[in-house]
Amino acid sequence: MTLAADLAFRIESGGMADLPDVMVAMGDAFDPEYGEAWTEAQCAGILGLPGTWLLIARADEDPAGFALLRTIADEAELLLIAVRNRYRRQGVGRALLSQAMEDAQAESVGQLHLEVRSGNPAIELYREAGFVQVGTRRGYYRGRSGKVFDALTFKRRLGVI
Ligand SMILES: CC(C)(COP(=O)(O)OP(=O)(O)OC[C@H]1O[C@@H](n2cnc3c(N)ncnc32)[C@H](O)[C@@H]1OP(=O)(O)O)[C@@H](O)C(=O)NCCC(=O)NCCS
């Protein structure tokens with residue numbers, strides 16, 4: 001898949017064998033200040049559950065980013081999406097999200113949910129993809145320095161991609 005002028009990348013379906021690459025992107029993408037990154041054990045635990053799926057973006061063989069999702073009944077949740085710094089603003093996040101919505105729709109999922117820290121620039125990506133804010137969890141995240149942040153919940157109705 002090539003969506004940007006300069007960066008050629010592809011989105012693949014991933015599994016346990018891709019966790020080392022996921023952790024490369026995880027370590028690069030998340031600011032430790034916010035405590036949002038998951039450990040490899042947490043990722044492995046959730047990937048082992050039914051309904052969970054992983055998408056991985058690669059530029060040649062280099063891991064560029066990933067998305068981790070879970071379906072429960074006819075609803076799905078975007079658990080994590082991350083793109084390494086060097087690959088940002090080249091359409092990789094948009095492509096991961098778009099593939100996630102396509103996959104969810106193919107499984108007859110009616111709504112995709114997500115939660116994001118207030119102030120995270122990812123909110124722009126979500127809004128652009130048609131997500132609307134449906135709630136706020138006050139003081140849900142506590143950063144490393146003790147500062148607290150609200151969590152915002154968003155949802156995207158599927159079927160009209
Ligand atoms: C959020 C994230 C996944 C976006 O990845 P990306 O590959 O850079 O996103 P894209 O290039 O596909 O951006 C698509 C659009 O989203 C919006 N967007 C993405 N990043 C943005 C930013 N930092 N500021 C403002 N808008 C942004 C823009 O509208 C952008 O389109 P444009 O570049 O044409 O203006 C990436 O910044 C990231 O990994 N962040 C850290 C991890 C994180 O917080 N994940 C979300 C919570 S799990």
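Which residues in α3 are buried? The legends below take that up, along with other close-up views of this predicted model.

**View 1. Helix α3 and its buried residues.** This view follows helix α3, which covers residues 92–106. Val92, Gly93, Ala95, Leu96, Leu97, Gln99, Ala100, Met101 and Ala104 are the buried residues here. The helix has 15 residues, and at 1.5 Å a residue they should span 21 Å; the end C-alpha atoms are indeed 21 Å apart, so expectation and model agree. Keep an eye on what comes just after α3: there Ser108 takes a positive phi of about 60 degrees.

**View 2. The ligand and the residues around it.** Here we turn to the ligand, which has 20 residues around it. Which of them come nearest? They are Ile81, Val83, Arg89, Gly93 and Arg94. Gly93 also belongs to the buried set of α3, so View 1 and this one can be read side by side. Several backbone atoms face oxygen atoms of the ligand at short range to be listed in turn. For Gln90, a backbone N or O atom lies 3.1 Å from an oxygen atom of the ligand. For Gly91, a backbone N or O atom is 2.9 Å from a ligand oxygen atom. A polar backbone atom of Arg94 lies 2.7 Å from an oxygen atom of the ligand. On its own the ligand has 910 Å² of accessible area, and the protein covers 79% of it.

**View 3. The chain as a whole.** Stepping back helps to place the close-ups. The chain has four helices and seven strands. Read from the N terminus on, its elements run β-α-α-β-β-β-α-β-α-β-β. The radius of gyration is 15 Å, close to the 15 Å that the globule rule gives for 161 residues, so the chain is as compact as a globular protein of that length. Along the principal axes, the C-alpha trace spans about 40 × 35 × 35 Å. Buried residues account for 45% of the 161 residues.

**View 4. The span annotated in UniProt.** An unreviewed UniProt entry lists residues 9–155 as "domain: N-acetyltransferase". In the model, this span is 28% helix and 40% strand. The C-alpha atoms at its two ends lie 27 Å apart.

**View 5. Strand β7, with Phe154 and Leu152.** Strand β7 covers residues 148–157, and Phe154 lies in it. Is Phe154 buried or exposed? With a relative accessible area of 1%, Phe154 is buried. Between the C-alpha atoms of Phe154 and Gly91 the separation is 21 Å, and the two residues are 63 residues apart along the chain. Gly91 is familiar from the ligand view, where one of its backbone N or O atoms lies 2.9 Å from a ligand oxygen atom. Leu152 also has its place in strand β7. Its relative accessible area is 11%, so Leu152 is buried. Leu152 and Ser118 are 34 residues apart along the chain, with 6.0 Å between their C-alpha atoms.

**View 6. Positive phi at Asp60 and Ala73.** Most residues other than glycine have a negative phi. Two loop residues are worth a look with that in mind. Asp60 sits in the loop between β2 (52–59) and β3 (62–72). Phi of Asp60 is positive, near 55 degrees, and the residue is not a glycine. With 64% relative accessibility, Asp60 counts as exposed. Moving on to Ala73, we find it in the loop between β3 and β4 (75–83). Ala73 has a positive phi of about 55 degrees, although it is not a glycine. A relative accessible area of 70% makes Ala73 exposed.

**View 7. Glu36, between α1 and α2.** The loop shown here joins α1 (19–29) and α2 (40–47), and Glu36 lies in it. Is this Glu36 buried or exposed? Glu36 is buried, as its relative accessible area is 12%. The C-alpha atoms of Glu36 and Arg142 are separated by 9.5 Å, while 106 residues set the pair apart along the chain.

**View 8. Asp62 in strand β3.** Asp62 is found in strand β3. Its relative accessible area is 25%, so Asp62 counts as partly exposed. Asp62 and Val24 are 38 residues apart along the chain, and their C-alpha atoms are separated by 9.8 Å.

Methods: Residues numbered from 1 in each chain as written. Predicted model: local features only at pLDDT ≥ 70, side-chain atom pairs only at ≥ 80, totals over all residues. Heavy atoms only, no water. UniProt positions renumbered as here; feature names shortened; annotations may be inferred. Expected span 1.5 Å × (residues − 1). Buried < 20%, exposed > 50% of the residue type's maximum accessible area, 1.4 Å probe, protein only. Near = heavy atom within 4 Å. Polar contact = N/O pair within 3.5 Å; in protein donor to acceptor, adjacent residues only side chain to side chain. Areas by Shrake-Rupley, 256 points an atom, 1.4 Å probe, with all protein chains shown as cover. Rg over C-alpha atoms; globule rule 2.2 N^0.38 Å.
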